[in-house]
Amino acid sequence: MLQGHQTWIFDSKPVIAGSAAVGGPFEAQGALAKDFDVLHDDLWLGQESYEKAEKKLLEQACETAIKKAGLKKEDIQFFLSGDLINQIIPSSFTARTLAVPYLGIYGACASSMEGLTLASLIVDTGFAQNALVGASSHNAASEKQYRYPTEYGSQKPPTAQWTVTGAGAAVVSSKGDGPHVVAATIGRVVDMGLSDPFNMGAAMAPAAVDTIEAHFRDLNIDASHYDLIATGDLARVGHRIAGDLLKKHGMQIPEEKLTDCGILMYKDNQPVLAGASGCACAATTTFGHLINRLRRRELGRILVIATGALLSPMSYQQKETIPCVAHAVAIEM
């Protein structure tokens, strides 16, 4: 059901019946390591390329989520997934492995919550009993695509971020035990004229604030409705900007309630500059750490706002600015 201008309320409250997070060696040293189902000590994962390694991460996340939901892949009606690589090949090739009807999506680093929103809509409307959603990224694959040639080794500024090597997946079902997806707000594309690909947090922060404001307005609620509000991958720079913008727009969110997946992912002593980024940042943090906290009843209601910078190497070369989007999903026990 549409509520307000851009928010969907899911009347049946679809269930996240199972979820999983898979990570790489740097994530194994991070602050959320215990919330990953599988951790690898090799960026290659025994594969011939980083792109094939990313596909392996996503396959493992999907297979683990299905198993944790107590299902088989034959029970999944639809698979929705996205990533950062050209033509979303890790997602599409994972769909080939799963042999499940597939909807490929692209929302950059907002893909995880875009997928969760659409999967919840499909289940809520009765068009499926079980839908699988996934998202992935790989540090080396993303560096190769967006920073080529990586061998040049140029120094990055403090505003730059570290792409998470990992994949997150969740099974959204019409019945079962687990956290419920209750609402989602679809974000608008916001472009404030920034063009620096090493300052994604600053570019994405206005989109995150725009979606949070729309969510509160459409549902006639405020921050007190949630135990935790987490943006996707603004990291430290974007998180500070988002906090300032929220206050400027009259939305008072306590500092202890507003966090960011890009800040949560790694330890302070890891050399990640401003923090984490990538499709897997929000995906693994949500489908691992945050869902685990909900299941342990440490949290009752959360709002996850995944953020995405919708640029490409070509758009940057053509001197385009960076359009951004953010999608918010409300999850509760």
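Let me start with D218, which counts as buried because its relative accessibility is 7%, and which forms a salt bridge with R217, where the closest N and O atoms are 3.5 Å apart. I should say at once that what we have on the screen is a predicted model, so please keep that in mind as we go on.

In general, side chains of opposite charge can pair when their charged atoms come close. For this structure the count comes to 13 salt bridges, and I will go through a few of them. D35 forms a salt bridge with K34, and there the closest N and O atoms are 3.5 Å apart. Which of these partners is buried and which is exposed? D35 counts as buried, because its relative accessibility is 5%, whereas K34, at 66% relative accessibility, counts as exposed.

The next pair is D210 with R188, a salt bridge in which the closest N and O atoms are 2.7 Å apart. Because D210 lies in helix α6 and R188 in the loop between β10 (180–185) and α6, this pair ties together parts that are 22 residues apart in sequence. D210 counts as buried, since its relative accessibility is 15%, while R188, with a value of 48%, counts as partly exposed. There is also a case that goes beyond a pair, in that K13, R301 and E332 are linked in a network of salt bridges.

From charges let us turn to another charged residue, K55, which has its place in helix α2 (residues 50–68). K55 is buried, because its relative accessible area is 16%, and the cut-off for buried is under 20%. Which residues does K55 touch, if we leave aside its neighbours within four places in sequence? K55 is in contact with P90, F93, T94 and T97.

Now to the cysteines. A disulfide is a covalent bond between the sulfur atoms of two cysteines. How many disulfides does a search of the whole structure find? The search finds zero. For C279, the closest cysteine sulfur is the one in C109, and at 4.9 Å it is too far for a bond, since the two sulfur atoms would have to be within 2.5 Å. For C324 the closest cysteine sulfur is again in C109, and the 9.8 Å between them is too far for a bond. Both residues are buried, C279 with a relative accessible area of 1% and C324 with 0%.

C279 also appears where two helices meet. Helix α4 (residues 111–124) packs with helix α9 (residues 279–295) at an angle of about 55 degrees, and their axes are 7 Å apart, which means that α4 is oblique to α9. On the α4 side the contact is made by S111, S112, M113 and L116, and on the α9 side by C279, A282, A283, T286 and F287.

I will finish with helix α7 (residues 235–248), whose 14 residues should span 20 Å at 1.5 Å a residue, and whose end C-alpha atoms are indeed 20 Å apart, so the two values agree. Within α7 the buried residues are A235, V237, G238, H239, A242, G243 and L246, and these pack against α6 (200–219), β12 (258–260), α8 (261–264) and β13 (276–277). Just after α7 comes G250, which takes a positive phi of about 80 degrees.

How values were computed: Residues are numbered from 1 along each chain as its sequence is written. This is a predicted model: local features need pLDDT of at least 70, side-chain atom pairs count only at pLDDT 80 or more; totals for chains, interfaces and linings use all residues. Side-chain values use heavy atoms; hydrogens and water are left out. Helices (H or I, at least four residues) and strands (E, at least two) are DSSP runs, numbered from the N terminus. Buried means under 20% relative accessible area, exposed over 50%, partly exposed in between (1.4 Å probe, protein chains only). Contact means heavy atoms within 4.5 Å. The expected span of a helix is 1.5 Å times one less than its number of residues. A salt bridge is a side-chain nitrogen of Lys or Arg within 4 Å of a carboxyl oxygen of Asp or Glu. Axes are lines fitted to C-alpha atoms, for helices over the stretch in contact, and angles run from 0 to 180 degrees between N-to-C directions. Angles under 35 degrees count as roughly parallel, over 145 as roughly antiparallel, 65 to 115 as roughly perpendicular and the rest as oblique.
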